[in-house]
Amino acid sequence: MTVLSVGGAAATLRQAQRAAAPWPYAELDPERLRAAGWRPTPIRDLILKIHQRCNLACDYCYVYESTDQTWRDRPAVMADEIWQAAVDNLARHATTHGLRRVQVILHGGEPLLFRLDRIERLVGHLRARMPEGTETRVGMQTNGVLLTRPVVSRLVDLRIAVGVSVDGTAEDHDRHRRTHAGRGSFAAVARALDLLREPANRPAYAGILTTVSPDTDPVRTFETLSAFEPPMIDFLLPHANWGEPPTHARPGATPYADWLIAVFDRWYGRSEPVRIRLFDDILALLLGGASGSEQVGLSPAGMLVVESDGALEQVDALKSAYPGAAATGLDVRRDELDAVFDDAGVAARQLGPQALSGACLSCPVVRVCGGGHYAHRYRPGEGFLNPSVYCDDMRRLIDHVSARVAADLQRAAASEKR
Ligand code: SF4
């Protein structure tokens, strides 16, 4: 690739980003922000798209079924030179910023299609290259179908923590998460989760990831997932925005909050509750702490994606906004990770309150909600300076959790006085 063609591609990308999302791409200048005191948050989490294809064909997949179809032009399998460059780049970044912890997440498509011997080489290279004093965690997000007993025990040996995507009951799961031949995948996933629950395999069990769907029974979903004894459940709102509103959105209704509240009420106050990241985060924020995810709170995002062709991108969730929304124009073989801090989109996800709309800034729950997930704020032709398209749901959920916590604190204070 010539210097000219790289420069030309970057200019075309900048133009496309400015047209699709004037805020932040036409209005935020990272150089000026730095001059005014903004300090970028280093990248601690690197997602490697080691295999671009998937052995399932889920009907709601935001990679294959969304407006962004860039996966079609990328190699199916990440070549050695790409993952080596990514690892070496992360090691330099960790040294430069004195990072005490980094995490590499093996992702796809379906990462287990990459083959275990390759994964083993990648993880070996990673642990060898990270600077002394930097704790290196390795995670994997899989659909679980290929998690057989030998695979799970190899992942335990390699100290890879696996998150599995499950939708809830067999019926609900199989409605959406089907093979290319149209067969449901719940039986295979349930077998995998039973393997991960075994005491010897628990070190490789990171948790379950589930997309909220108001046409399912929330309590049955929660009980089904809990029965697999995950260390944590991550409930995600389906990716949507003001141009592509959530499927169940109706004026005056809050179906996503209602669903989550039903789960919260079942979960809250249990003597040994399974961890639910969204609720843990909301509770921590209500009590003055910080959030560990992008769904709520104002913590700066320090996560990047390396696509199978070496492109450095923002998180996949942005692909639900418009084609190319996650692109930075950078390549992990050519550019240092620090170069992403010159991207207005990356800066916007690290700015906290400065990246919020006027409506959010005057909202009483802003410190907890944080404007919701960045991808859910997108409005075509304007960009991301908006409240979340889930604003009413977020407000109702946070008010409900807050009221339960306040009532508990009052009860505790009253019983202390007695
Ligand atoms: S509840 Fe709505 S207005 Fe309030 S911070 Fe969240 S998205 Fe913004």
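**Notes on the predicted model**

1. Let me start with the ligand. Thirteen residues would be a long list, so here are the nearest: of the 13 residues around the ligand, Cys360, Cys363, Cys369, Pro387 and Cys391 come closest. A residue is near a molecule or strand when its C-beta atom, placed from the backbone, lies within 6 Å of it. Please keep in mind that this is a predicted model, in which local features need pLDDT of at least 70, side-chain atom pairs count only at pLDDT 80 or more, and totals for chains, interfaces and linings use all residues. Numbering starts from 1 along each chain as its sequence is written.

2. Where does the shell come from? Helix H13 (358–361), helix H14 (366–369) and helix H15 (391–417) each give at least two residues to the shell around the ligand. H15 has the largest share, three residues. Helices here are DSSP runs of H or I with at least four residues, strands are runs of E with at least two, and both are numbered from the N terminus.

3. By residue class, the shell around the ligand holds nine nonpolar residues, three polar and one charged. Nonpolar covers Ala, Val, Leu, Ile, Met, Phe, Trp, Tyr, Cys and Pro; charged covers Asp, Glu, Lys and Arg; the others, Gly among them, are polar.

4. Helix H11 deserves a look of its own. Its buried residues are Leu278, Asp281, Ile282 and Leu285. They lie on the same side of H11, because they cover an arc of only 95 degrees around the axis. That arc is taken over the directions from the helix axis to the C-beta atoms. "Buried" stands for 20 or more other C-beta atoms within 10 Å of the residue's own, "exposed" for 12 or fewer, and "partly exposed" for what falls in between, with C-beta atoms placed from the backbone.

5. What do the buried residues of H11 pack against? Their partners are S6, strand S7 (275–276), H14 and H15; contact here requires C-beta atoms, placed from the backbone, within 7 Å. H14 and H15 are also among the helices that supply the ligand shell.

6. Asp280 is found in H11, which runs over residues 277–286. Asp280 is partly exposed, with 16 other C-beta atoms within 10 Å. Its C-alpha atom is 8.4 Å from that of Ser291, eleven residues apart along the chain. Just after H11, Gly288 has a positive phi of about 95 degrees.

7. Two cis peptide bonds are worth checking by eye. One runs from Trp23 to Pro24, with omega near 15 degrees, and Pro24 sits in helix H2 (residues 22–25). The other joins Gly108 and Gly109, with omega about 20 degrees; Gly109 is in the loop between strand S2 (101–108) and helix H5 (116–129).

8. Which non-glycine residues have positive phi? Arg115 has phi near 90 degrees and is placed in the loop between S2 and H5. Arg115 is partly exposed, with 13 other C-beta atoms within 10 Å. Glu229 has phi of about 50 degrees and lies in the loop between helix H9 (218–226) and strand S6 (232–236). Glu229 also counts as partly exposed, with 14 C-beta neighbours inside 10 Å.

9. Finally, a strand pair. Strand S9 (residues 311–313) and S10 pair in the antiparallel sense over three bridges, where pairing takes at least two DSSP bridges between the strands. Leu312 stands opposite Leu330 in S10. Strand S10 (residues 327–331) is mostly covered, with four of its five residues buried.

Definitions and conventions:
Contact = placed C-beta atoms within 7 Å.
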